[in-house]
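Reader: I've got a fresh model open and I'd like to talk it through with you. Mind if I fire off some questions?

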Amino acid sequence: MKNLLILFSFVAILTSCSSDDVTSSNNTGISGSWKIKSFIDNNNRDRTSNYATYSFEFKSTGEIVVTNSANKYNGTYATVMDSGKQKFNIVIATSDNTLAEINEDWILSEQTDTTLKFTKSSGGNGGTKTLVFGK
C-alpha cells in the first residue's frame with residue numbers, strides 16, 4: 001500500500017507540471033573526462049581533497065561514470081530548464097557519502113572548454129555550495 005501511495009504521488013507531481021516548467025536535455029557539450037578542482041560545501045568548508053582520487057566521465061548519452069582506485073559508480077546527468085533557470089542534475093547511484101554530496105540539481109554558473117562551475121543554494125542554513133570541474 002505504501003508503494004502504491006508513493007507511485008501515485010510521483011505520478012501526480014509529474015502530471016501537475018506544465019511543459020513550460022521543466023525541460024531536460026543531455027546535450028550539454030561537456031562529454032569527456034573531468035576532475036573536481038574545487039568543492040566548497042554550504043558551511044564554507046573546502047571538501048576538494050575528498051575528491052582527489054575520483055574521475056568523472058560524462059558521456060554524450062547522459063550517463064556519468066565515476067571511478068577511483070577501488071570503485072566504479074554509474075549515474076546520470078541532464079540539463080534542465082526549471083522556472084527560467086538552467087539547472088544541471090547529477091544523480092550517482094552510490095552509498096558513498098562523499099559522492100552523495102554532489103547528487104544535486106546545480107545551477108550552471110560558468111562553462112568553458114576546460115571548466116564547469118556549479119552553485120547550489122541550500123534551503124536550511126542559507127549557505128551556498130560551489131562545485132568546479134576541470135579538465
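Reader: Let's start with one residue: where does D96 lie?
Author: Keep in mind that this is a predicted model. The chain has two helices and nine strands, and D96 sits between two of these elements. Its place is the loop between β6 and α2 (97-100).

Reader: Which residue is the nearest side chain of opposite charge to D96, and how far away is it?
Author: D96 is buried and touches Y54 and Y73, leaving out residues up to four places away in sequence. A salt bridge needs a nitrogen-to-oxygen distance within 4 Å, and D96 has none. The nearest side chain of opposite charge is R47, 12 Å away.

Reader: What about K87: buried or exposed?
Author: K87 is in strand β6. Setting aside residues up to four places away in sequence, K87 touches A78, T79, V80, D82, D105, W106 and I107. The cut-off for buried is under 20% relative accessible area. K87 comes in at 17%, so it's buried.

Reader: Now the big picture: what pattern does the chain follow along the sequence?
Author: There are two helices and nine strands to place. Buried residues make up 32% of the 135 residues, and residues 24 or more positions apart account for 43% of the contacts with a separation of 6 or more. Reading along the sequence, you get α-β-β-β-β-β-β-α-β-β-β.

Reader: How many residues are in the largest nonpolar core?
Author: Elements giving two or more residues to this core include β2 (32-40), β3 (55-58) and β9 (128-134). Those with the most contacts inside the core are F56, F58, I92, I102, L131 and F133. In total, the largest nonpolar core has 23 residues.

Reader: Which residues is F133 in contact with, leaving aside neighbours within four places in sequence?
Author: F133 has 0% relative accessibility, so it counts as buried. It is also among the residues with the most contacts inside the largest core. Its contacts beyond those neighbours are W34, K35, I36, K37, F56, F58, I90, T114, T115, L116 and F118.

Reader: On to ring geometry: why is the pair of F39 and W106 edge-to-face?
Author: The count of aromatic pairs comes to 11, and this is one of them. The ring centres are 6.3 Å apart. Planes over 60 degrees apart count as edge-to-face, and these are at 80°, so the pair is edge-to-face.

Reader: How many residues apart are F39 and W106?
Author: Both partners count as buried, F39 at 0% relative accessibility and W106 also at 0%. F39 is in strand β2 and W106 in strand β7, so the pair links distant parts of the chain, 67 residues apart.

Reader: And F56 with F133: how far apart are the ring centres?
Author: F56 is buried at 0% relative accessibility. F56 is in strand β3 and F133 in strand β9, so the pair ties together parts that are 77 residues apart in sequence. With planes at 80° the pair is edge-to-face, and the centres are 5.2 Å apart.

Reader: Last one: over which residues is the pLDDT below 50?
Author: The chain averages a pLDDT of 82, and 77% of the residues score at least 70. One stretch falls below 50, and beyond near neighbours in sequence it has 11 contacts in the model. That stretch is residues 1-24.

Notes. Residues numbered from 1 in each chain as written. Heavy atoms only, no water. Core = buried A, V, L, I, M, F, W, Y, C linked by side-chain atoms within 4.5 Å. Buried < 20%, exposed > 50% of the residue type's maximum accessible area, 1.4 Å probe, protein only. Helix = DSSP H or I, 4+ residues; strand = E, 2+ residues; numbered from the N terminus. Contact = heavy atoms within 4.5 Å. pLDDT = per-residue confidence, 0-100. Phe/Tyr/Trp six-rings, centres within 6.5 Å; stacked < 30°, edge-to-face > 60°. Lys, Arg positive; Asp, Glu negative; His and termini not counted.
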